[in-house]
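Got the viewer open and a selection box ready? Let's walk through this one stop at a time.

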Amino acid sequence: MLLEVHHITEYRYDRAVRESVIELRMQPRRTSHQSLVSFELDVEPNAQILSYTDSWGNDVHHFDIPHLHGQLDIVARSVVETHERVGLPDVLTMEEWGALDTNAARGESWDFLAMHGFVEQTAALRAFIEAQDLMALKDRDPLSALRELNRRLYEAIGYEAGVTEPDSPIDHALTEGRGVCQDFAHIMVAICRRFGVPARYVSGFLYTDQASHDRSTPGATHAWIEAYLPTLGWIGFDPTNDLVAGERHLAVAFGRDYSDVPPSQGVFRGEAESHLAVGVSVRKITSPRADHSRASEPTLITTRRRTGVPSLIAQHQQQQ
């Protein structure tokens, strides 16, 4: 499947700020499941854009605007070819749990087994695990347990944008019984690690259509998880939609939790209130040379405000 992504981020300030320093994770990954055909990044005001690869293998772009400005526009355009995943077996043997223990003992997956940031073992999470009798899933083989966990989270937690914030702990969604894909992903990662299954947070996009009946908000970034099973490698699960990740899922960045992979984050210097708006369009195309002018302009659906002081103030956006 050939997908074109148009990702717009707009910062507006009620008075000019003196400097903005921004870091972006918007370039799609190159993996066995997807090929990056093209990536373009435009910034206004103009800035020299630099890049590096972070600890998790994500491509990171960053820039500095060291002069007065009242707005900042970031436009990322990508074309990615996603591929069908190899079909998963119905079950694995129970020996897979032992293989996971051996893998953990070697420390090969330590970063994706240890609790970190938004992924923590809280009282609310323990209560949820007990209420759903989730530890009993370890009586099944690991693949079957993860499939069932994916389904249980989909059924137990409602999808509703605006209930949580980018910095909301998992307790918020667990207590409310509602959240967005970021919350679903954090909760599933935390439970996988409780099971002893390495799990990582995936930031990216989901191509949606009417036939798929996805709960995810069209025109937004998306988040899901990947769990590591020694026999199969990294397998994607999307608890927001009760899906095993497939060719409609387009991965941009991997991390321990959301704090490792926000699409944009940065700081500005100045006494101002900032307004953040984000829009995304993902469309299926037939050729990398498709007419880009036909792509619909993304609707800006996410807005957040922060009041600045004469110092550096953090800015970031939430997965929807």
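Contact, on this tour, means heavy atoms within 4.5 Å. Keep in mind that you're looking at a predicted model.

**The whole chain**

Start with everything shown as a cartoon. The secondary structure comes to five helices and 17 strands. Along its principal axes, the C-alpha trace spans about 60 × 45 × 40 Å. The radius of gyration is 20 Å, which agrees with the value near 20 Å for a compact globule of 320 residues. Colour by burial next: buried residues make up 53% of the 320 residues. If you draw a contact map, look far off the diagonal, since among contacts with a separation of 6 or more, 77% are between residues 24 or more positions apart.

**Helix 2 against helix 5**

Select residues 123–131 for helix 2 and 181–195 for helix 5. Their axes come within 11 Å and cross at roughly 75°, so helix 2 is roughly perpendicular to helix 5. Now add side chains. Helix 2 brings Leu125, Arg126, Phe128 and Ile129 to the contact, and helix 5 brings Ile187, Ala190, Ile191 and Arg194. By type, that contact divides into six nonpolar residues, two charged and no polar ones.

**The nonpolar cores**

In soluble globular proteins, nonpolar side chains tend to be buried together. Which residues have the most contacts inside the largest nonpolar core here? Select Ile74, Leu149, Ile187, Ile191, Val197 and Ile225 and you have them; the core itself has 70 residues. Helix 5 gives the most to this core, with 10 residues. A second, separate core of five residues includes Val202, Ala245, Ala251 and Phe254.

Zoom in on Ile225 and ignore its neighbours within four places in sequence. Its contacts then include Ala185, Met188, Val189 and Cys192. Val202 is also in contact with Ile225, and so are Ile235, Gly236 and Phe237.

**Arg193**

Go back to helix 5 and pick Arg193, which lies in it. Is this arginine buried or exposed? Arg193 is buried, with a relative accessible area of 5%. Leaving aside its neighbours within four places in sequence, Arg193 is in contact with Asp111, Phe112, Leu113, Ala114, Met115, His116, Val119, Ala199, Arg200 and Arg256. Try a distance label to Met115: the two are 78 residues apart in sequence, and 7.6 Å apart C-alpha to C-alpha.

**Leu72 and the cis proline**

Jump to strand 6, residues 69–82, and select Leu72. Leu72 is buried, with a relative accessible area of 0%. Beyond its neighbours within four places in sequence, Leu72 has contacts including Thr9, Glu10, Tyr11, Arg12, Ser20 and Ile22. The C-alpha atoms of Leu72 and Arg12 are separated by 6.6 Å, although the two residues are 60 apart along the chain.

Glu44 and Pro45 are also in contact with Leu72, and they make a good next selection. Most residues other than glycine have a negative phi, and most peptide bonds are trans. The peptide bond from Glu44 to Pro45, however, is cis, with omega near 5°. You'll find Pro45 in the loop between strand 3 (34–44) and strand 4 (50–53).

**Two aspartates with positive phi**

Where should you look for Asp133? It's in the loop between helix 2 and helix 3 (142–156). Asp133 has a positive phi of about 55° although it is not a glycine. Asp242 likewise has a positive phi of about 55° without being a glycine. Asp242 sits in the loop between strand 11 (233–238) and strand 12 (243–244), and counts as partly exposed at 30% relative accessibility.

**Two last loops**

Select Thr31, in the loop between strand 2 (19–24) and strand 3. Thr31 counts as partly exposed, at 26% relative accessibility. Thr31 and Thr82 are 51 residues apart in sequence and 9.3 Å apart in space, C-alpha to C-alpha.

Finish at Arg289, in the loop between strand 15 (273–284) and strand 16 (302–307). Unlike the buried Arg193, Arg289 counts as exposed, at 76% relative accessibility. For one more distance label, use Arg289 and Ser35: 254 residues apart in sequence, 16 Å apart C-alpha to C-alpha.

Definitions and conventions: Residues are numbered from 1 along each chain as its sequence is written. This is a predicted model: local features need pLDDT of at least 70, side-chain atom pairs count only at pLDDT 80 or more; totals for chains, interfaces and linings use all residues. Side-chain values use heavy atoms; hydrogens and water are left out. Axes are lines fitted to C-alpha atoms, for helices over the stretch in contact, and angles run from 0 to 180 degrees between N-to-C directions. Helices (H or I, at least four residues) and strands (E, at least two) are DSSP runs, numbered from the N terminus. Angles under 35 degrees count as roughly parallel, over 145 as roughly antiparallel, 65 to 115 as roughly perpendicular and the rest as oblique. Ala, Val, Leu, Ile, Met, Phe, Trp, Tyr, Cys and Pro count as nonpolar, Asp, Glu, Lys and Arg as charged, and the others, Gly among them, as polar. A nonpolar core is a set of buried Ala, Val, Leu, Ile, Met, Phe, Trp, Tyr and Cys residues joined through side-chain atoms within 4.5 Å. Buried means under 20% relative accessible area, exposed over 50%, partly exposed in between (1.4 Å probe, protein chains only). The radius of gyration is taken over C-alpha atoms; the globule rule is 2.2 Å times the number of residues to the power 0.38.
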